[in-house]
Amino acid sequence: MDYDIKDMALAAKGRLRMEWAERSMPVLKMIKATFAKSKPLRGLRISACLHVTSETANLMEALKLGGADVRLCASNPLSTQDDIPAALVKHHRIPVFAVKGENHKTYYAHILQALDHRPQITMDDGADLVSTTHSKRKTLLPGILGGTEETTTGVIRLKSMARAGVLQYPIVAVNDAQTKHLFDNRYGTGQSTLDGILRATNILLAGLNFVVAGYGMCGKGVAMRARGAGAHVIVTEVDPIRGIEAVMDGFRVMPMAEAAAIGDVFLTVTGDKAVIRREHFLKMKDGAIVANAGHFNVEIDIPALEKLAGAKRRVRDYVDEYTLSRGRRVHLLGEGRLINLAAAEGHPAMVMDMSFANQALSVLYLAGHSSELGKAVYPVPRDIDARIAALKLKSMGASIDKLTAEQKKYLSSWQEGT
Ligand SMILES: NC(=O)c1ccc[n+]([C@@H]2O[C@H](COP(=O)([O-])OP(=O)(O)OC[C@H]3O[C@@H](n4cnc5c(N)ncnc54)[C@H](O)[C@@H]3O)[C@@H](O)[C@H]2O)c1
């Protein structure tokens, strides 16, 4: 079997961590059980480009139990947990191409190795697999039934491809399912981003000025959790609706040019580029900490920081200290890569359960419906979303009311008023 991983000796640890994650993934576990019985994905070749974590490993196992022939590569050079590829190769016979810290060249070489599988379905997190297929492996395009996309930035890129008439097969935007972005992006990113910052630095958040750039689903989660830890949270935005939402949620809102001078910790999570740049670094206090949780490492203008700095040294794992004018030090975490995956373990399994249930059921949907779909980006079908929410509620021991016949009638009529 072809694969490229760090160290097969890590397989036992990886298997234990997969098991640990599975305990908090009851919905995916139910899907595994039905897939194992009915093999609905029998013979389907799937290439996946995802963060190689213990939760992803459980998704790969579910697809394989469903009969699919799966290959996996990393969707970020720094997010791979090296024990997981070992466990997947050794214990599940799933080829993986991912090594934590791989350079740019190896990252793309691994994507091409995942594509050597001649996939019928692609699974992406950030759209690097799809864009590589469309640029360097065009001969594969006619054989692809469809693909899924896990994150906001990937959905934005794929919609742009569709608008430009370049996209050659249907994509299901898993990110946009309610049971994905309302929970994974908010509660997952909220908690794991702070976890990443704390593991990298061991700072006390209480009393610090914590600047969150971007008040989308991820930014809301990070702001909420940073406030919970006692930080004074400042939000920066470019969208007036999100800006007013942050104000009414009780946060200070101001432009980055103002926040730069007072922030102790800065976190970008916008999906945009150069959100923190030269003019902001010039205003920062000595000791400022800068990190990113957005998909790509372009949110912080690292080349500008490199140019401004007289000296740079690694002072801890995941902490690079840049010395600027007047001896001011700015600390960049995790080379500007998504800090929750670079320095911590990414989202907890409890929340990835819903995201990956959406992935598994969207693959099943694509396998059965691709001929009805065009070269466009589609939402996850509403009934899949609702089914996942119902199963998750049940697994958490919670239940909700049912509409009575009278209520159903009332809610669909206009006659009754004051
Ligand atoms: N770290 C993770 O595990 C993780 C998880 C999910 C999503 N993501 C990524 O995080 C990013 C944000 O995702 P989201 O779902 O919150 O997106 P979103 O679209 O809901 O929110 C992004 C927000 O950033 C704002 N913004 C854009 N440019 C800005 C700027 N220059 N300054 C300030 N604000 C700006 C937008 O107005 C918007 O409100 C994406 O790149 C996404 O792929 C990361």
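**Exercise 1.** In this predicted model, work out how many bridges join strand β4 to strand β5, and whether the two run parallel or antiparallel.

*Solution.* Start by finding β4 at residues 121–124 and β5 at residues 146–149. Now look across from one to the other: four bridges join them, and the strands run parallel. To pin down one of these spots, take Ile121, whose bridge partner in β5 is Gly146.

**Exercise 2.** Place β4 and β5 in their sheet, then find which strands are at its edges.

*Solution.* Go strand by strand, and you get the order β3-β2-β1-β4-β5-β6-β15. That's an open sheet of seven strands with parallel pairing. Next, check who pairs on one side only: β3 (96–97) and β15 (377–379) do, so they are the edge strands. As a reminder, strands of a sheet pair through backbone hydrogen bonds.

**Exercise 3.** Describe what surrounds the ligand, and pick out some of its polar contacts.

*Solution.* First, locate the ligand: the space it takes is the largest pocket. Around it are 25 residues, with Thr151, Thr152, Thr153, Glu237 and Arg242 coming nearest. Sort the shell by class and you have 14 polar, seven nonpolar and four charged residues. Helices α7 (152–163), α8 (178–201) and α9 (217–228) each supply at least two shell residues.

Then go through some distances:

- From the side chain of Thr151, an N or O atom is 2.6 Å from a ligand oxygen.
- Ala293 has a backbone N or O atom 2.8 Å from a ligand nitrogen.
- A polar backbone atom of Met217 is 3.3 Å from a ligand oxygen.

Finally, look at the cover: on its own the ligand has 860 Å² of accessible area, and the protein covers 87% of that.

Conventions:
Residues are numbered from 1 along each chain as its sequence is written. This is a predicted model: local features need pLDDT of at least 70, side-chain atom pairs count only at pLDDT 80 or more; totals for chains, interfaces and linings use all residues. Side-chain values use heavy atoms; hydrogens and water are left out. A residue is near a molecule or strand if one of its heavy atoms lies within 4 Å of it. A polar contact is a pair of N or O atoms within 3.5 Å; within protein, one must be able to donate a hydrogen and the other to accept it, and residues adjacent in sequence count only if both atoms are side-chain atoms. Accessible areas come from the Shrake-Rupley method with a 1.4 Å probe; for residues, only the protein chains shown count as cover. On a 1 Å grid over the protein atoms alone, a cavity is a set of points where a 1.4 Å probe fits but cannot get out, and a pocket is an open set with protein on both sides within 12 Å along at least five of seven lines; lining residues have an atom within 4 Å of a point. A molecule sits in a cavity or pocket if more than half of its atoms lie within 2 Å of its grid points. Ala, Val, Leu, Ile, Met, Phe, Trp, Tyr, Cys and Pro count as nonpolar, Asp, Glu, Lys and Arg as charged, and the others, Gly among them, as polar.
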